[in-house]
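These are my notes from a session of looking things up in one structure, entry by entry. I wanted to keep each finding beside the part of the chain that it concerns.

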Amino acid sequence: MNYVIETKDLGRSYETYKKPEGLMNSIKGFWNRQTIRKSALKGVNLQIRPGQIVGLVGANGAGKTTLLKILSGLIMPTEGSAHVLGTVPSERDYHFLSRISILLGQKNQLWWDISPIDSYALLAKIYNLDPDKARARVYELAKKLQCDHVLETQLRRLSLGERMKMEIIGALLHEPEVMFLDEPTIGLDIVAQSTIREFLADYVKNKGPTIILTSHYMDDIAKLADQLLLISHGEIVYNGTVNAFSQKASQVQTLQFRLDKNLEKAIPLKSGQQIEAGHREYQVQVVNEEVPWLIAELTKESQLQDLKLIEADFEDVIRQFLEKESRVR
Amino acid sequence: MLYANFWRRNLGFAKLAIASNIEYRLNFLVDALVQPCLSSVVEVVLWISIFAGAGMTLIGGFPVESYISYALWATFMGRISSSWMYEFRMIEEIDSGSINSLIVRPMSFYEYYLSQLMGYKFITTAVSLVVPLVLFQIFNLPFHLDRLPICLILVFYYLILVHSLSFIVASLAFYLNRAHSFTAAKNLGLWLLSGELFPLDLLPEPFKTLFSYLPFSSGVYVPTAYITGRIGQEAVIQGFISVTGGLIVANLIGWALWKQAMKNYSGTGA
């Protein structure tokens with residue numbers, strides 16, 4: 001089978017130096033620097049088919065951006081190999097670069113001092129596009145993103161949301177086959193987030209590019225991605241469909257209840273946690289099969305006054321995963 | 001086809017530099033007109049003072065008019081043949097990581113900045129040229145107007161070498177966190193070696209011969225001395241040859257530094 005993206009034991013480590021506190025240490029460090037080697041990515045094996053939308057999720061510093069940077073050719077791996085569209089990305093072959101696009105949500109990629117429409121004209125030259133077709137495409141995309149009224153305003157004068165929409169148009173102008181989207185909705189309000197999300201969903205449906213998407217907003221992943229990669233400490237810890245992950249997530253529920261009097265004895269749960277005694281109101285997470293047993297336990301000595309079952313959604317489970325990762329760190 | 005695309009996009013980069021610079025009108029006018037005027041006044045006063053202080057009518061065999069003439073053209077040529085502004089930008093791009101958006105596009109960092117530099121220099125030259133031309137008319141100073149086109153061609157050719165040196169300095173930013181100090185040191189060196197500080201023919205031997213054979217003299221001394229009649233055409237031809245040699249050496253160094261830097265680059269800031 002032909003894969004658009006294929007990696008084998010991919011890894012990347014960095015060398016940095018220690019910067020201890022204080023002036024004396026700075027002076028010492030002038031001639032004697034202690035270097036540290038840090039592994040940002042280890043043993044990553046991926047096989048991504050054409051047209052797949054892959055959500056890449058992990059805590060800060062887990063290695064998401066490093067993976068995107070390697071796959072887009074921005075940096076070289078220190079171990080293993082990567083192939084994107086049959087090419088080694090770090091060779092930065094112009095033909096390869098004109099078939100991909102990377103959007104770094106925290107960085108401006110268009111030109112700050114000129115209007116977006118001028119930036120797109122320049123991008124059309126860089127990507128060797130027909131100027132008239134490129135202009136028509138810009139207006140088409142801008143209309144869909146509801147931002148055609150600011151195309152002729154200097155980029156530096158636009159709001160964050162407008163700028164991000166402009167960046168997205170810039171990233172799509174040459175109709176890339178593979179797109180790397182790193183936090184495309186970061187810092188945006190809910191309306192702008194959903195506009196961009198809907199726009200991307202629509203674009204994917206019509207053009208079918210392969211996309212690797214990272215986002216801290218799980219709605220982005222849940223609504224756009226069909227494949228999920230969870231990354232932790234530079235390693236892929238889950239690689240499967242978003243649906244399979246959601247099903248796994250639905251095995252855990254949140255039980256919210258109120259008793260007529262304080263709970264007298266603590267109740268141990270299968271997860272190893274326990275419901276502490278001495279309170280009337282609780283919110284606990286339990287696996288599905290434990291729910292009837294827990295209700296029976298609670299009603300032995302008290303009466304349940306309010307009981308609510310809240311199904312854990314995709315975002316909750318991802319959040320738990322990220323929280324767990326942050327604690328381990 | 002590929003060749004046509006190369007020129008098309010590089011013309012685009014040159015236009016980008018022009019558009020970006022004239023966007024800030026006052027800044028552009030100060031840079032292209034006010035600064036050359038002030039520098040010219042300083043140079044004229046300096047050489048008049050030197051002659052008055054020395055109590056001589058000739059220095060190195062040339063009268064004060066010749067030195068004023070040299071100083072005015074040297075100021076003009078020196079402004080064209082320097083690139084500190086774009087060198088700073090290149091270093092900043094690397095330091096801040098904004099270079100990431102450039103190196104994932106089908107173009108090179110070198111050509112992107114070279115074309116911008118050329119575009120910017122083209123527009124500022126066209127405007128700044130008014131200053132020496134007007135002053136020469138007013139004070140009736142000696143120079144050969146017919147030699148101006150070949151001098152400008154030599155200076156713009158030299159500008160490629162200047163950019164290649166900037167590329168080397170900027171590439172150091174991959175290895176060092178702050179490479180700006182190299183820009184200042186390099187510019188000081190070029191100020192002396194190019195002949196912008198004073199005419200290279202005032203130097204004692206063997207420095208005079210050595211400096212005039214180095215490619216850096218083609219930035220200011222050779223075109224200025226040629227246009228003011230201090231040297232002949234053979235020095236201009238020699239200038240083109242030495243700049244070509246300089247370009248080969250500078251680009252080999254730049255290419256090696258860049259290649260090694262890309263191996264270790266960590267994609268800062270993204």
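**Helix 2 of chain A**

I began with helix 2 of chain A, whose buried residues I list as A:K64, A:T65, A:T66, A:L67, A:L68, A:K69, A:I70 and A:L71. I note that the model is a predicted one. Since 8 of the 8 residues of helix 2 of chain A are buried, I take this helix to be largely enclosed by the rest of the structure. Just after helix 2 of chain A, I found A:G73 with a positive phi of about 90 degrees.

**Confidence and domains**

I then checked the confidence of chain A, which has an average pLDDT of 85, with 94% of the residues scoring at least 70. Within chain A, I found the lowest confidence in helix 11 (residues 314-328), at a mean of 65, and the highest in strand 4, at 94. The domain assignment divides chain A into domain 1 (5-17 + 52-240) and domain 2 (251-311), and I noted 45 Å between the centres of domain 1 and domain 2 of chain A, taken over C-alpha atoms.

**Strand pairing in chain A**

I followed strand 1 (residues 5-17) of chain A to its partners. Strand 1 pairs with strand 4 (residues 79-84) of chain A in the antiparallel sense over 5 bridges, and there I recorded A:V84 in strand 4 as the bridge partner of A:I5. Strand 1 of chain A also pairs with strand 2 (residues 35-48) of chain A, in the antiparallel sense and over 10 bridges; in strand 2, A:Q47 stands opposite A:E6.

**The contact between chains A and B**

Next I looked at the contact, which takes 26 residues from chain A and 21 residues from chain B. On the side of chain A that touches chain B, the elements giving two or more residues are helix 2 (64-71), helix 3 (94-97), strand 5 (100-104) and helix 4 (116-126) of chain A. Helix 4 of chain A gives the most to that side, with 4 residues. By class, I noted 13 nonpolar, 7 polar and 6 charged residues on the side of chain A that touches chain B.

**The largest nonpolar core**

Which residues touch the most other members of the largest nonpolar core? I found that they are A:V54, A:L71, A:I169 and A:L213, in a core of 123 residues. Helix 8 (residues 148-172) of chain B gives the most to this core, with 12 residues. I then took up A:L213 and, leaving aside its neighbours within four places in sequence, found it in contact with residues including A:I53, A:V54, A:L181, A:I221 and A:L224.

**Backbone exceptions**

I kept in mind that most residues other than glycine have a negative phi, and that most peptide bonds are trans. A:H233, which is found in the loop between strand 8 (227-232) and strand 9 (235-241) of chain A, has a positive phi near 50 degrees. I entered A:H233 as partly exposed because it has 17 C-beta neighbours inside 10 Å.

In chain B, I found that B:N140, in the loop between helix 7 (130-139) and helix 8, has a positive phi of about 55 degrees although it is not a glycine. B:N140 is exposed, with 7 other C-beta atoms within 10 Å.

My last entry concerns the peptide bond from B:E205 to B:P206, which is cis, with omega near 5 degrees; I placed B:P206 in the loop between helix 9 (180-193) and helix 10 (207-213) of chain B.

Note on methods:
Residues numbered from 1 in each chain as written. Chains lettered and ligands numbered in written order. Predicted model: local features only at pLDDT ≥ 70, side-chain atom pairs only at ≥ 80, totals over all residues. Contact = placed C-beta atoms within 7 Å. Nonpolar A, V, L, I, M, F, W, Y, C, P; charged D, E, K, R; others polar. Core = buried A, V, L, I, M, F, W, Y, C linked by C-beta atoms within 7 Å. Buried ≥ 20, exposed ≤ 12 C-beta atoms within 10 Å, placed from the backbone. Pairing = 2+ DSSP bridges. Domains from an automatic or database assignment. pLDDT = per-residue confidence, 0-100.
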